[in-house]
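Okay, everyone, thanks for coming. I'll put the structure up and then walk you through some parts of it.

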Amino acid sequence: MRWLIKSATIVDPNSPLHGKKRDILIENGKISDIKSKISDKKAKEISFPNLHVSPGWVDTRAHFADPGEEYKEGLQNGLDAAAAGGFTHVVSMPDTTPVVDSKGQLEYLLRRSDGHATRLCPAGALSQGSKGKQLAELYDMHCSGAVMFTDGHSTKRTELMRRALEYTKTFGGVVASLPYDEDLSEKGNMHEGVTSTMNGLKAIPTMAETIRIMRDIELLRYTGGRLHFMLVSSAEGVNLIKRAKKEGLEVTCGVSVHHLMHTDEDLADFNSNLKVSPPFRSKTDRSALLKAVNDGTVDVICSDHRPEDVEHKKLEFPQANFGIGAIEDSFSVAMTAGVSPEQFVERTAHAGRKLIGLEAAAIQKDAEADLTLFDPSLKHEVNKDHISLAYNNPYVGQELTGKVFGVIRGEAAAIR
């Protein structure tokens with residue numbers, strides 16, 4: 001297939017073409033030419049007003065509920081939604097039914113996703129069955145394509161985390177932590193603050209996050225290795241990670257687009273579609289997260305896509321499951337929250353690749369096509385006709401800024 005992208009502004013702070021408007025010709029999955037003007041009658045033309053193009057984005061945390069709960073999403077449907085959201089690569093979480101804790105289960109996912117415009121990059125479970133007792137087959141899964149190891153939820157046992165960091169250090173694996181102390185947040189529903197008190201809801205203190213961050217950083221200091229905090233939600237958590245980085249520890253962290261957009265005050269009306277874990281915190285915390293994205297303390301921005309069906313979300317707030325299912329709108333949420341297109345590209349296309357060990361992507365002649373097409377300023381209303389099956393999209397009916405037109409990866413493409 002031949003594609004001709006017409007008059008697109010290149011967004012890539014690492015490229016000499018950054019900010020330049022160019023035509024891009026793609027043949028047999030590779031960029032064959034980049035010029036101010038290209039004519040090719042045999043190519044399928046891609047043209048949109050205010051079209052922008054960047055290296056393909058990487059989503060470092062998403063749930064597709066496959067296998068086991070495909071009625072919530074499913075792998076193929078989830079990948080279609082990821083492509084519509086502009087992601088050419090997506091890291092899937094292993095806490096499915098059954099848990100992805102062996103190379104056989106990992107290879108099942110890779111076989112089923114082969115050939116899609118969005119490449120699946122599965123995470124393997126840290127422990128057998130994600131039960132937090134015995135380490136899973138980490139090296140075997142690493143050899144089969146696992147890009148990181150996590151149980152998908154908080155790792156309670158300190159000894160298990162220590163052994164995981166020591167063992168993965170031998171082959172350069174990444175241990176991914178969700179810093180969340182369940183004992184300090186048992187049955188909590190939202191951030192501990194004025195809004196939780198006014199709503200009369202059991203709350204989740206910031207300390208539930210920071211205690212786990214401190215524990216895992218201390219373990220990393222002792223063992224060495226690579227540690228990634230998948231989701232950080234507080235100013236205190238950001239400061240702890242910033243200090244660890246200055247110390248020279250191999251630690252990275254991520255934030256969801258939703259935490260850049262919302263605060264606990266948005267839950268005053270008990271909207272269960274905004275119930276997430278970790279919870280939305282204060283305005284001060286949100287400002288600290290945005291600042292950390294800009295200064296590089298936060299390495300990656302992710303969707304944290306967690307699809308739910310109506311039976312698990314249309315409930316009274318305390319009974320509803322945690323999670324937002326809006327991978328298709330992640331870019332729009334980030335733009336509306338105030339993230340610049342350049343920062344979004346840096347935190348997804350570049351830092352995301354570095355985190356999971358992919359080769360750097362570039363928009364240059366003879367490079368493999370790995371591109372996301374978008375308009376960073378187009379305002380649009382989110383409608384109900386989403387590819388994702390997720391019921392829990394809180395943005396339906398809202399106006400957001402930024403629109404994705406599609407992705408091209410190799411010879412596969414998904415263009416709206």
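Look at Ile408, which stands opposite Ala413 in strand E17. Before I go further, please keep in mind that this is a predicted model. That pair belongs to the place where E16 and E17, residues 412-415, run antiparallel and share 4 bridges. The two strands make a hairpin with 2 residues between them, and in that hairpin Gly410 takes a positive phi near 65°.

Now stay with E16 and turn to its other partner. Strand E15, residues 370-381, pairs with E16 in the antiparallel sense too, over 9 bridges. If you want to find the register on your screen, take Phe374, whose bridge partner in E16 is Val404. Another pair to click on is Glu381, standing opposite Glu399 in E16.

And what does E15 pair with besides E16? Strand E5, residues 52-55, is joined to E15 by 4 bridges, and the two run antiparallel. Here the pair to look for is Pro55 with Leu371 in E15.

So is E16 enclosed or open? Of the 11 residues in E16, residues 399-409, 9 are buried, so the strand is largely enclosed by the rest of the structure.

Let me zoom out for a minute. The chain has 12 helices and 17 strands. How does its radius of gyration sit with that of a compact globule? For 416 residues you'd look for a value near 22 Å, and this chain has 21 Å, which agrees. Along the principal axes, the C-alpha atoms fill a box of roughly 65 × 50 × 40 Å.

On the inside, 61% of the 416 residues are buried. As for contacts, take the ones between residues at least 6 apart in sequence: 75% of those join residues at least 24 apart. On the outside, the accessible surface comes to about 16,700 Å², and carbon and sulfur atoms account for 48% of that. For the charge people in the room, I count 51 positive and 57 negative side chains, with the centres of the two sets 4 Å apart.

Next, some backbone oddities. As background, most residues other than glycine have a negative phi, and most peptide bonds are trans. Two cis bonds to look at, then. Asp66 and Pro67 are joined by a cis peptide bond, with omega about 10°. Pro67 sits in the loop between strand E6, 57-62, and helix H1, 75-84. Ser277 and Pro278 are also joined by a cis peptide bond, with omega about 0°. For Pro278, the address is the loop between H8 and H9.

That loop has something else in it. Phe270 is found there as well, between H8 and H9. Its phi is near 60°, a positive value in a residue other than glycine. Phe270 is partly exposed, at 38% relative accessible area.

And there's Ser282, in the loop between helix H8, 257-261, and helix H9, 283-295. Is it buried, exposed or in between? Ser282 comes out as partly exposed, with a relative accessible area of 23%; the cut-off for buried is under 20%. What does Ser282 touch, once you leave aside its neighbours within four places in sequence? The contacts are His191, Thr263 and Asp264. Arg163, on the other hand, is 35 Å from Ser282, C-alpha to C-alpha, with their positions 119 residues apart in sequence.

One more positive phi, and this takes us back to the start of the chain. Ser7, in strand E1, residues 2-10, has a phi of about 50° although it is not a glycine. Ser7 counts as partly exposed, at 37% relative accessibility.

Last stop is a residue in a helix. Thr168 is in H4, residues 158-169. At 0% relative accessibility, Thr168 counts as buried. Which residues does Thr168 contact, leaving aside its neighbours within four places in sequence? They are Leu138, Phe149, Gly173 and Val175. If you'd like a distance to check on your own screen, the C-alpha atoms of Thr168 and Tyr222 are separated by 14 Å, and the two residues are 54 apart along the chain.

That's my tour, thanks for listening.

Key. Residues numbered from 1 in each chain as written. Predicted model: local features only at pLDDT ≥ 70, side-chain atom pairs only at ≥ 80, totals over all residues. Heavy atoms only, no water. Rg over C-alpha atoms; globule rule 2.2 N^0.38 Å. Buried < 20%, exposed > 50% of the residue type's maximum accessible area, 1.4 Å probe, protein only. Contact = heavy atoms within 4.5 Å. Areas by Shrake-Rupley, 256 points an atom, 1.4 Å probe, with all protein chains shown as cover. Lys, Arg positive; Asp, Glu negative; His and termini not counted. Charge placed at Lys NZ, Arg CZ, Asp CG, Glu CD. Pairing = 2+ DSSP bridges.
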